[in-house]
Amino acid sequence: METSPSKNKRFAEISIVVFVLICVGLILMDITSIMIDEFKYKFNQPAVVESTAAPTPGGRPTYPPDYTPEPVQLR
Amino acid sequence: MRTRKLDRLLGAVAVISVIIAWVIGANLSGRDIYPSLQSAVPSANHFTPVNGNYAIMGDETENSLMGYVSIASANGYGGPMKVAVAVDLKGNILGLSLVQHKETPAWIKMIYDSGFIETLSGKSYLDVFKIGEDVDGITGATYTSRAIAQAALEGGRTVAGSQLGLELPAKAVPQIQFGLPEITLIGLFAMGFFGHQQNFKYTKQARWVSMLIGMIVLGFIYTRPLTLSDINKFLLGFWPQWQTNLYWYLLMGGLLFVFTVDNKNPYCEWFCPFGAAQECLGVIGGAKSRSTGQSRNFLLWVQRGLAWLAIFVALLFRNPGLTSYEVFGTLFDLKGSSFQFALLAIVLIASLFIRRPWCNYLCPLRPVTDLYRMLRKWMIDTWKQALAKTNVSLK
């Protein structure tokens, strides 16, 4: 049984649409998984010990005349 | 006429939204630096800003200075990286930590897993930090490891010079990297130029030679196809050092020049490595250009929408490679996620029956070139209209 050219054309068109939709789905899933990795990386920074010490630099640093140590907030 | 107006309206919306994403991304990019400092020197008690660097204090007494941390920058594959480089009082590296980067998380994981960062600890500010000489690079993350080594060098020398008062060795002038990829690229541009000439008899043959060279040299050997990441880097202003990235400048500059002057696409049909791979499969399977009938517009806008989304998100997060969804590296370098391997398999199978399915329906570069051409024509039309109006009013 032979298929008509218009049916063949329609089949090709539907196949391409299905192909594109599958690919777009995979691309969106890939981008989402990369972004989840990115967020995981950003929020998994190492924890920092809380310090209440007043920063008192000593030793060798050379400070400008108007320098006053800034209190540092550690998370 | 109506379609052209709609195209122009949507094109303008795309450009404006991308500019908005750029501005928002630029304002959101700052982040707290202290966790990275602590990560570079876990034994530190606290840090104090000193002349643009940070003094590392071992405990709460003023004589506990352990060294300094400098925040150094270098260009990775995806864009600039910021690295916290901790240096002791003799000018040796105590530790490193990534503050900010634009690399694909998989590459960063590769760097962490390989222990590359730890190998830089203990190195002196006098060392050259050159991959292949005194530092071992990481295969598959060459640009990233090179950038971290470069940042370690810069950070170490900044601390040694500005905080410790040590004499610095002369700064090495970066060597211009001009090799086979650059020569091939120039040759392919030249071949495309002559191939496009109307009186050139062997256009078809020249195109196949160009495609095969592109696929083998730029694809399989060097894995340097044009990707959305390159376009994003260009838009974000993450332009790498020209001496070590001449290829990128030749590719981007060459394409912009030809598009602007000649309105022709010298890349996609002539030497895109992935396009060539699809055409080779197409020859095997007898692939044809298929008519998409009534779905033509739907498919066109899906492709454009996907490209817009990818650029918008990349600019918003200021990370060029974040949404670069091409599967070029998956084919040429056999690297990628399971989604990318599945996508590659589907595209390659489809290439046997449909001519260049990726290029025609999915590639983000086509909407970008369409938009560029439309804006170019719009500007020329506006210019001509303004010129005609001026002439009429003068008469």
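Where in chain B is the place of B:Leu334? The answer comes in point 6, after a walk through the rest of the structure.

1. A word on confidence to start with. This is a predicted model, and chain A calls for some care: its mean pLDDT is 67, with 49% of its residues at 70 or more. Residues 46-65 of chain A stay under 50, and for them the model has 48 contacts beyond four places in sequence. Another stretch, residues 71-75 of chain A, is also below 50, with 20 contacts in the model beyond near neighbours in sequence. I'd read those contacts alongside the pLDDT values.

2. Chain A itself is quick to describe. It has 1 helix and 0 strands. Of its 75 residues, 36% are buried. The chain exposes about 5300 Å², and carbon and sulfur atoms supply 64% of that area.

3. Next, the cores. The largest nonpolar core has 62 residues, and the members that touch the most others are A:Val20, B:Phe274, B:Trp358 and B:Leu362. Helix H1 of chain A, residues 5-43, gives this core its largest share, 11 residues. If you want a place to click in the viewer, try B:Phe274: leaving out residues up to four places away in sequence, B:Phe274 touches B:Val327, B:Phe328, B:Leu331, B:Phe332, B:Leu344, B:Val347 and B:Trp358. There is also a second, separate core of 31 residues, and B:Met81, B:Val87, B:Ile93 and B:Val135 are included in it.

4. Now the sheet in chain B. Five strands make an open sheet in the order S1-S2-S3-S4-S5, with antiparallel pairing. S1 (46-50) and S5 (93-100) of chain B are the edge strands, each pairing on one side only. From one strand to the next, the twist averages 30°. Helix H5 of chain B packs on this sheet and touches S1, S2, S3, S4 and S5; its direction makes about 135° with that of S3(B).

5. The strand pairs are worth going through one by one. S2 (residues 53-57) and S3 (residues 65-75) of chain B are antiparallel over 4 bridges, and here B:Tyr54 has B:Val69 as its bridge partner in S3(B). S3(B) is then joined by 9 bridges to S4 of chain B (residues 80-88), again antiparallel. On that side, B:Val69 stands opposite B:Ala86. S3(B) and S4(B) form a hairpin with 4 residues between them, and B:Gly79 in the turn has a positive phi of about 145°. Finally, 6 bridges join S4(B) to S5(B), also antiparallel, with B:Val87 opposite B:Ile93. Both B:Val87 and B:Ile93 belong to the second core from point 3.

6. Back to the opening question: B:Leu334 sits in the loop between H13 and helix H14 (338-351) of chain B. Its phi is near 55°, a positive value in a residue other than glycine. For background, most residues other than glycine have a negative phi. B:Leu334 is exposed, with a relative accessible area of 64%.

7. B:Arg318 makes a good companion to B:Leu334. B:Arg318 is not a glycine either, yet has a positive phi of about 50°. Its place is the loop between helix H12 (296-316) and helix H13 (328-332) of chain B. Is B:Arg318 buried or exposed? It counts as buried because its relative accessible area is 10%, under the 20% cut-off.

8. Staying in this region, B:Thr330 is in helix H13 of chain B. B:Thr330 is buried, at 1% relative accessibility. Not counting residues up to four places away in sequence, B:Thr330 touches B:Lys335, B:Gly336, B:Gln340, B:Phe341 and B:Leu344. B:Leu344 is also one of the residues that B:Phe274 touches.

9. One last residue to look at is B:Gly137, in the loop between helix H4 (116-120) and helix H5 (142-163) of chain B. B:Gly137 counts as partly exposed because its relative accessibility is 32%, which falls between the 20% and 50% limits. Leaving aside neighbours within four places in sequence, B:Gly137 is in contact with B:Ile131 and B:Ser145. B:Gly137 and B:Phe116 are 21 residues apart in sequence, with a C-alpha to C-alpha distance of 7.9 Å.

Definitions and conventions:
Residues numbered from 1 in each chain as written. Chains lettered and ligands numbered in written order. Predicted model: local features only at pLDDT ≥ 70, side-chain atom pairs only at ≥ 80, totals over all residues. Heavy atoms only, no water. Core = buried A, V, L, I, M, F, W, Y, C linked by side-chain atoms within 4.5 Å. Buried < 20%, exposed > 50% of the residue type's maximum accessible area, 1.4 Å probe, protein only. Helix = DSSP H or I, 4+ residues; strand = E, 2+ residues; numbered from the N terminus. Contact = heavy atoms within 4.5 Å. Areas by Shrake-Rupley, 256 points an atom, 1.4 Å probe, with all protein chains shown as cover. Pairing = 2+ DSSP bridges. pLDDT = per-residue confidence, 0-100. Axes fitted to C-alpha atoms, helices over the stretch in contact; angles between N-to-C directions.
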